[in-house]
Amino acid sequence: MMELLISIDEARDILENNIPVEEAIRHIERYGVDVLFGFNLVEDSNKAINSSEMAQMMEKVRELYDYVIVDSAPSRYLSDSRMMAHYMDGIILVVKQNFANVSTILTSIEKLSLSKTPIIWMGQD
């Protein structure tokens, strides 16, 4: 089984710098997963996420891997996770214990459900 964990920031790096996705993937032997790490932010994530380059990158990683997990910023603060939802088969919603109130959690669920991508699991951090 092949798994890939993607940081949205790394996806942006690949798109902006035209780095082939295969060159950006790093294998973590200890955990048996491949990862795309990222640290740089772009000013217009909406443009990057909805670009044809992002669609091509996601298509490519779906060809290479059985499971693709995308890690994004908290949906409460940034809309990246909601914008990425159309690339996903399911959403895992993680709530920080003793931090998020019920109203915030329900708002996040409501906004994520607009994508029509099912929330397949919900847990606490």
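Two strands count as paired here if DSSP finds at least two bridges between them. With that in hand, the predicted model offers a neat case in β2 and β3. Strand β2 (residues 26-28) runs antiparallel to β3, and three bridges link the two. One of the bridge contacts can be pinned to residues: Arg26 has Val35 of β3 as its partner. The pair makes a hairpin, with four residues between the strands, and Gly32 in that turn takes a positive phi of about 70°.

Strand β3 (residues 33-36) is covered on both faces. Val33 and Val35 sit on one side, Asp34 and Leu36 on the other, and all four come out as buried. So Val35, the bridge partner of Arg26, is under 20% relative accessible area, since that is the cut-off for calling a residue buried.

Zooming out, the protein chain has six helices and six strands, and from the N terminus the order reads β-α-α-β-β-α-α-β-α-β-α-β. Of its 125 residues, 38% are buried. Among contacts with a separation of 6 or more, 75% join residues 24 or more positions apart.

Then there is the outside. The chain exposes about 8,300 Å², with carbon and sulfur atoms supplying 51% of that. Part of the surface is a nonpolar patch built from Ile92, Val94, Ile120 and Trp121, which together have about 430 Å² of accessible area. Two strands feed this patch: β5 (91-95) and β6 (119-124) each give at least two of its residues. Trp121, for its part, lies in β6.

Conventions
Residues are numbered from 1 along each chain as its sequence is written. This is a predicted model: local features need pLDDT of at least 70, side-chain atom pairs count only at pLDDT 80 or more; totals for chains, interfaces and linings use all residues. Side-chain values use heavy atoms; hydrogens and water are left out. Patches are made of residues with over 30% relative accessible area and no salt bridge: like charges are joined within 9 Å, nonpolar side chains (Val, Leu, Ile, Met, Phe, Trp, Tyr) within 5 Å. Accessible areas come from the Shrake-Rupley method with a 1.4 Å probe; for residues, only the protein chains shown count as cover. A salt bridge is a side-chain nitrogen of Lys or Arg within 4 Å of a carboxyl oxygen of Asp or Glu. Buried means under 20% relative accessible area, exposed over 50%, partly exposed in between (1.4 Å probe, protein chains only). Contact means heavy atoms within 4.5 Å.
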